[in-house]
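Colleague: Before we talk about packing, could you put the model on the screen, so that we can go through its interior one point at a time?

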Amino acid sequence: MNVINEAIVWFNDPLNWTNPGGILDRLQEHIEISVMAVLLGCAVAWPLGITLGRRGAAAGLIVLLSNLTQAVPVVALLTILTLTPLGLGKPAVVIALAVFAVPSLLANAYTGMREIDPEVRDAARGMGMTSAQRLFRVELPLAVPFLATGLRIATTTVVATATLATAVNGGGLGMIISAGFGLGPGHGGQILAGAILVAGLALLIDGVMALIERKITPRVLRRAAGRS
């Protein structure tokens, strides 16, 4: 209980919120890193997954890429990237986190394209739609539930994993935890407070992404999913 009391006292200190390097600064850094990483992951994974899914090819490649990215420890990848011209700081963190966002984005984009009924594609083709028109008017709207699920998983994963950015001086809420350890014994309250902030942010983001997923999924697809 002593550590819990220390965490409450730490939260109640206004300077821990507003000082440079305080909660507000670290929270902004954490969100910026996470957003950039997810956007980079989307830019890589979605075009690849959609293209391969439409062609119905390279399912084994999708599995291989997903397994490879999940097998590499985050800290190991961060360490490797810091030895490149990227060096320490946010660029290395963003790229590392983007790598770990790719599996869910890629797999769900591929699955979303493969789950589309071939008869729907044939009907769109029979109406004289071009390949681009079929993609944007028919296929992508039907794949929205899968794309949204992949985005939700990737975002939550990145937000939680971004805590490790502190290992390469990348900023974020993990810096609060790291600073608590650096201060030595008697600062368990700050460590616990940092952990609570990370967990709370991850849960909040997951909830928000769940709402967004529901909102952007067409109602007819939600009803179909409910019946199934």
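Colleague: Which helix gives the most to the lining of the largest cavity?

Modeller: This is a predicted model, and a search of the whole structure finds one cavity of 30 Å³ or more, with a volume of about 30 Å³. Two elements, helix 5 and helix 6, give two or more residues each to its lining. With three residues, the element that gives the most is helix 6.

Colleague: How many charged residues does the lining of the largest cavity have?

Modeller: The residues that line the cavity include L78, V93, L97, T161 and A165. By class, eight of the lining residues are nonpolar and one is polar, while the number of charged residues is none.

Colleague: Which helix supplies the largest share of the largest nonpolar core?

Modeller: This core has 27 residues, and L78, V93, L97, L105 and V158 touch the most other members. Helix 3 (23–55), helix 5 (74–82), helix 6 (90–114) and helix 8 (131–161) each supply at least two of the core residues. The largest share, eleven residues, comes from helix 6.

Colleague: Is H30 buried or exposed?

Modeller: H30, which is placed in helix 3, touches V159, A162, T163, G172, L173 and L201, leaving aside residues up to four places away in sequence. A polar atom of the H30 side chain also lies 3.1 Å from the backbone nitrogen of L173. Because its relative accessible area is 1%, and the cut-off is under 20%, H30 counts as buried.

Technical notes. Residues are numbered from 1 along each chain as its sequence is written. This is a predicted model: local features need pLDDT of at least 70, side-chain atom pairs count only at pLDDT 80 or more; totals for chains, interfaces and linings use all residues. Side-chain values use heavy atoms; hydrogens and water are left out. A nonpolar core is a set of buried Ala, Val, Leu, Ile, Met, Phe, Trp, Tyr and Cys residues joined through side-chain atoms within 4.5 Å. Buried means under 20% relative accessible area, exposed over 50%, partly exposed in between (1.4 Å probe, protein chains only). Helices (H or I, at least four residues) and strands (E, at least two) are DSSP runs, numbered from the N terminus. A polar contact is a pair of N or O atoms within 3.5 Å; within protein, one must be able to donate a hydrogen and the other to accept it, and residues adjacent in sequence count only if both atoms are side-chain atoms. Contact means heavy atoms within 4.5 Å. On a 1 Å grid over the protein atoms alone, a cavity is a set of points where a 1.4 Å probe fits but cannot get out, and a pocket is an open set with protein on both sides within 12 Å along at least five of seven lines; lining residues have an atom within 4 Å of a point. Grid points are joined across faces, edges and corners, and a volume is the space filled by probe spheres set on the points. Ala, Val, Leu, Ile, Met, Phe, Trp, Tyr, Cys and Pro count as nonpolar, Asp, Glu, Lys and Arg as charged, and the others, Gly among them, as polar.
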